[in-house]
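Let's take a walk through this fold together. Keep the viewer open and turn the model as you read.

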Amino acid sequence: MELSVVGGEPLLAAAMQQLLDLDLPDELERQLNPPTRAYVRDRRAMANTPMDVKELPASGALVLAVDMPGVAPADVKVRVEDSNVLTISGERRRPAGDGDGGGGEGVKYLRMERRMGKFMRKFPLPESADLDGVRAEYKDGVLTVTVNKKPPPEPKKPRVVEVKVAGAGEPKAKGK
């Protein structure tokens, strides 16, 4: 965009041009376009779910350990989606009878530090991950997900091509 000032000061025109050429800083962009509630909720759910990731030296398999005390195994979902993204999600619910609107007198919490509600973690998997061999095991409040690596591709053996000599092997005609 070109700015010209008729009968004005060239210094002011240069300053205005410089301001128009600048991009909005990221912070201003975030303030003008705030994230949606669902995005904030999902971001908090992801940040509040602790996870350890390790690679086994012998097999190269990835092992993800996610702490989920008090979560029923039926409330946990493990999926591979969107081309090699492992998603672990679920929900920690309040115990039955803890003031969940059942009509009776509910429990009054004096302190509540354990987070209730939905949680989610996403982990990008490498191209070498065997997506069909993903295993998940839930024991003592810890979900362990194991992702094996695909075996390395067999090296292609070079194909031997036989070289034929043109005209060789044909009997020569004698004397005419």
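## Strands, sheets and a pocket

A good place to drop in is arginine 92, which sits across from glycine 117 of S5. Before following that pairing outward, keep in mind that you're looking at a predicted model.

That residue pair belongs to a neighbourhood where S4 and S5 run antiparallel to each other, joined by eight bridges. As general background, strands in a sheet pair through backbone hydrogen bonds, and they can do so in parallel or antiparallel fashion. Zoom out a little and you'll find an open sheet of three strands, ordered S3-S4-S5 and paired antiparallel. S3 and S5 are its edge strands, each of them pairing on one side only. From one strand to the next, the twist averages 15 degrees.

Now for the empty space. In general terms, a probe the size of a water molecule, rolled over the atoms, shows where space is left over. Here, the largest pocket comes out at a volume of about 160 Å³. Which elements give two or more residues to its lining? They are strand S3 (76–81), strand S4 (85–92) and strand S5 (117–124), and these are the strands that make up the sheet with the order S3-S4-S5. S4 provides the largest share of the lining, three residues. If you'd like to select the wall in your viewer, pick Asp75, Lys77, Arg79, Ser89, Gly90, Glu91, Arg93, Lys118 and Phe119. By residue class, that lining splits into six charged, two polar and one nonpolar.

Let's step back to the whole chain. It holds three helices and seven strands, and along the sequence they come in the pattern α-α-α-β-β-β-β-β-β-β. The chain has 176 residues, and 20% of them count as buried. As for how far along the sequence the contacts reach, take those with a separation of 6 or more: 50% of them join residues 24 or more positions apart.

The other sheet to visit is an open one of four strands, in the order S1-S2-S7-S6, again with antiparallel pairing. Its edge strands, S1 and strand S6 (135–139), each pair on one side only. On average, neighbouring strands in this sheet are turned by 15 degrees against each other, direction ignored.

At one end of that order, strand S1 (residues 51–55) and strand S2 (residues 62–67) pair in the antiparallel sense over five bridges. One concrete spot to look at is methionine 51, whose bridge partner in S2 is valine 66. The hairpin of S1 and S2 has six residues between its strands, and in it glycine 60 adopts a positive phi near 80 degrees.

Glycine 60 also leads us to the last stop, lysine 149, since Gly60 is among the residues that lysine 149 contacts. Lysine 149 lies in the segment after strand S7 (142–147). Is lysine 149 buried, exposed or partly exposed? It counts as partly exposed, because its relative accessibility is 40%, and that class lies between the cut-offs of 20% and 50%. Setting aside neighbours within four places in sequence, lysine 149 is in contact with Glu55, Ser59, Gly60, Ser128 and Asp130. Lysine 149 and alanine 129 are 20 residues apart in sequence, yet their C-alpha atoms are 4.5 Å apart in space.

Technical notes. Residues numbered from 1 in each chain as written. Predicted model: local features only at pLDDT ≥ 70, side-chain atom pairs only at ≥ 80, totals over all residues. Heavy atoms only, no water. 1 Å grid on protein atoms, 1.4 Å probe; cavity = no way out; pocket = protein on both sides within 12 Å on 5 of 7 lines; lining within 4 Å. Points joined across faces, edges and corners; volume = space filled by probe spheres on them. Nonpolar A, V, L, I, M, F, W, Y, C, P; charged D, E, K, R; others polar. Pairing = 2+ DSSP bridges. Axes fitted to C-alpha atoms, helices over the stretch in contact; angles between N-to-C directions. Buried < 20%, exposed > 50% of the residue type's maximum accessible area, 1.4 Å probe, protein only. Contact = heavy atoms within 4.5 Å.
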